[in-house]
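Colleague: I am new to this structure and would like to go through it by question and answer. Could you show it to me before we start?

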Amino acid sequence: MSKEIKNVCVYGIGGVGGYFGGRIAHKINTENLNDMEVYFIGRGEHLKYVQEHGLKLITDNDEFNCFPNIATDNIRRIPTPDLYLLCVKGYDLENAVSAISKNVSSHTIIIPLLNGVDIYERIREKLQKAIVTPAAVYVSSSIEIPGTVRQKGQEGQIVFGKDPEYQKYNYQPIAEYFKQIGIKASWFENPYPAIWEKYIFIAPFSLVTAYAGKTIGEVLGDEKLRTLTEEIMNEVILIGNAKNVDFAENIVEETIKKAQGFPYETKTSFQRDYEKGNARHEGDIFGGTLIRMAEENNITVPVIKEIYNKL
């Protein structure tokens, strides 16, 4: 069983969705891929600007004006897509899945591009239909002003793999779509080691950048904060091991090297929300989830608890 990907809905057009959605729309428009369509689901002033003027995507090398086939805040106004790129924050996940459930078929594929190691399970609690591929995303991007998304550093990358409930599904058309559309994507039979590898990066840096009020570069340059970050990474590894996830022996060292590849001034999305005083943020995704998993497996995580409680 498989299905060729032609119509894609990017649900959430903030930093992540704006980057990937913009790339898809620009590719479709500039190469006249008339048999393909892309739909944006957004909200507020950002959506309004995109509806009137298109989305402006700025990278370190290029600037694109990107025009989706449809941009709306009502999922019922788009055709049922072959693929959803789910690009909301963790605190919006439940509402997004509820909306998607109103416009989905059993053959629709959902790739969740948001932070967390239990996102697949959270989606499956609310949605039995569709194919959901566990996934992770690497990209440094954010809304600069309404209608404009700014991406910095390395090209965005998606990692994804089999839906545990659809082991025999043919996932090749998804990989072929990303290749055709020009998006860097890596396929894994078992995506969970890759998802946890991303989590070992994003959870500690999110907690420490928000706690210290420092960018990723500043954290790396401060011996105490860097040590604190590494201690959290080691606690995350203990939890992952309890979940039967194997990590490379040098995973902490490699994760630090990966962080060094980001621009010095990079802030985590959690840090940006926290500094704005937003009541809704990803704290539970990075702190609460880890503490609950640790308690379920009788693991002590004193550093995570200390930083999370201070936040």
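Modeller: What follows is a set of questions and answers on this model, which is predicted.

Colleague: In what order do the six strands of the open sheet lie?
Modeller: The edge strands pair on one side only, and they are β5 (70-72) and β8 (131-132). The pairing in this open sheet is parallel. Read across from one edge, the order is β5-β2-β1-β6-β7-β8.

Colleague: Which residue of β5 is the bridge partner of tyrosine 39?
Modeller: Strand β2 covers residues 37-41 and pairs with β5 in the parallel sense. Three bridges hold this pairing. The partner of tyrosine 39 in β5 is isoleucine 70.

Colleague: What angle does the direction of helix α5 make with that of β7?
Modeller: Helix α5 (residues 172-181) packs on the sheet. The strands it touches are β1 (7-11), β6 (83-86) and β7 (109-112). With the direction of β7, that of α5 makes about 60 degrees.

Colleague: Which residue of β4 is the bridge partner of lysine 56?
Modeller: Strands β3 (residues 55-58) and β4 (residues 63-66) pair in the antiparallel sense over four bridges. A hairpin through four residues joins β3 to β4. In β4, lysine 56 has as its bridge partner asparagine 65.

Colleague: And which residue of β10 is the bridge partner of lysine 56?
Modeller: β3 and strand β10 (residues 148-161) run parallel and are joined by three bridges. The partner of lysine 56 in β10 is threonine 148.

Colleague: Is serine 140 buried or exposed?
Modeller: Serine 140 sits in strand β9 (residues 135-145). Leaving aside neighbours within four places in sequence, its contacts are Arg150, Gln151, Lys152, Phe262 and Thr266. A residue counts as buried under 20% relative accessible area. The relative accessible area of serine 140 is 15%, so this residue is buried.

Colleague: How far apart are the end C-alpha atoms of α8?
Modeller: Helix α8 has 20 residues, and at 1.5 Å a residue these should span 28 Å. The distance in the model agrees with that; it is 29 Å.

Colleague: Which residue caps the N-terminal end of α8?
Modeller: The cap is made by a side-chain oxygen that lies 3.0 Å from the backbone nitrogen of lysine 224. That oxygen belongs to aspartate 222.

Colleague: Which helices do the buried residues of α8 pack against?
Modeller: The buried residues of α8 include Leu225, Leu228, Ile232, Glu235 and Ile239. Residues three or four places apart in an α-helix point the same way, because there are 3.6 residues a turn. The buried residues of α8 pack against α6, α7 (216-221), α9 (251-260), α11 and α12.

Colleague: Why is α11 described as largely enclosed by the rest of the structure?
Modeller: The buried residues in α11 include Ile285, Phe286, Leu290, Ile291 and Met293. Their cover includes α4 (119-126), α6 (192-212), α8 (223-242), α10 (269-275) and α12 (302-310). The helix is largely enclosed because the buried residues number 10 of the 14.

Colleague: On which residue is the kink in α11 centred?
Modeller: Helix α11 (residues 283-296) reaches 19 Å from its first C-alpha to its last, close to the 20 Å expected. The kink in α11 is about 25 degrees. Its centre is threonine 289.

Colleague: Which residue with a positive phi follows α11?
Modeller: Just after α8, asparagine 244 takes a positive phi of about 65 degrees. After α11, a residue has a positive phi near 55 degrees, and this is asparagine 298.

Notes:
Residues are numbered from 1 along each chain as its sequence is written. This is a predicted model: local features need pLDDT of at least 70, side-chain atom pairs count only at pLDDT 80 or more; totals for chains, interfaces and linings use all residues. Side-chain values use heavy atoms; hydrogens and water are left out. Two strands pair if DSSP finds at least two bridges between them. Helices (H or I, at least four residues) and strands (E, at least two) are DSSP runs, numbered from the N terminus. Contact means heavy atoms within 4.5 Å. Axes are lines fitted to C-alpha atoms, for helices over the stretch in contact, and angles run from 0 to 180 degrees between N-to-C directions. The expected span of a helix is 1.5 Å times one less than its number of residues. The bend at a residue is the angle between axes fitted to the seven residues ending there and the seven starting there. Buried means under 20% relative accessible area, exposed over 50%, partly exposed in between (1.4 Å probe, protein chains only). A polar contact is a pair of N or O atoms within 3.5 Å; within protein, one must be able to donate a hydrogen and the other to accept it, and residues adjacent in sequence count only if both atoms are side-chain atoms.
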